[in-house]
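This briefing introduces a single structure to a reader who has not met it before. Please view the sequence and the structure below before turning to the points that follow.

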Amino acid sequence: MRKHSPRVGPAAGTSSPSAPPEVSRRRFLFALSAGTAGAAAAAAAPALAGEAAATAKPSDAATSGYRETEHVRDYYASTRL
């Protein structure tokens with residue numbers, strides 16, 4: 001009869017009998033990185049959608065981006081020496 005020696009070390013009892021410890025670690029790290037990438041993409045999706053909506057506005061050539069309104073003129077008047 002053959003004698004079986006007990007496993008000793010950090011990998012004892014942590015892997016399935018059909019897969020060596022290296023393969024199970026690789027699968028774990030792959031799943032961890034894929035899950036992290038998916039979570040990052042899900043978190044960034046609303047922000048990217050907001051940017052796309054903001055840049056999709058049609059620009060009106062008749063108006064400029066700067067308008068001097070009364071409160072802007074009041075501010076300019078307060079800064080004069």
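**Surface and overall make-up**

The accessible surface of the protein chain amounts to about 7,600 Å², and carbon and sulfur atoms account for 62% of that surface. The model is a predicted one. Two helices and zero strands are found in the protein chain.

Burial
- Of the 81 residues in the protein chain, 4% are buried.

Nonpolar patch
- Phe-28, Leu-29 and Leu-32 together make a nonpolar surface patch of about 320 Å².
- Leu-29, one of the residues in this patch, lies in helix H1, which covers residues 21-55.

Aromatic rings
- The protein has one aromatic pair by the rule applied here.
- The pair is formed by Tyr-75 and Tyr-76, with 6.1 Å from centre to centre and 50 degrees between the planes.
- This pair counts as tilted, because the angle of 50 degrees is neither under 30 degrees, as for stacked rings, nor over 60, as for edge-to-face rings.
- Tyr-75 has a relative accessible area of 52% and is therefore exposed, since the cut-off for exposed is over 50%.
- Tyr-76 has a relative accessibility of 35%, so this residue counts as partly exposed, a class that lies between the limits of 20% and 50%.

How values were computed. Residues numbered from 1 in each chain as written. Predicted model: local features only at pLDDT ≥ 70, side-chain atom pairs only at ≥ 80, totals over all residues. Heavy atoms only, no water. Patch = residues over 30% accessible without salt bridge, like charges linked within 9 Å, V, L, I, M, F, W, Y side chains within 5 Å. Areas by Shrake-Rupley, 256 points an atom, 1.4 Å probe, with all protein chains shown as cover. Salt bridge = Lys/Arg side-chain N within 4 Å of Asp/Glu carboxyl O. Helix = DSSP H or I, 4+ residues; strand = E, 2+ residues; numbered from the N terminus. Buried < 20%, exposed > 50% of the residue type's maximum accessible area, 1.4 Å probe, protein only. Phe/Tyr/Trp six-rings, centres within 6.5 Å; stacked < 30°, edge-to-face > 60°.
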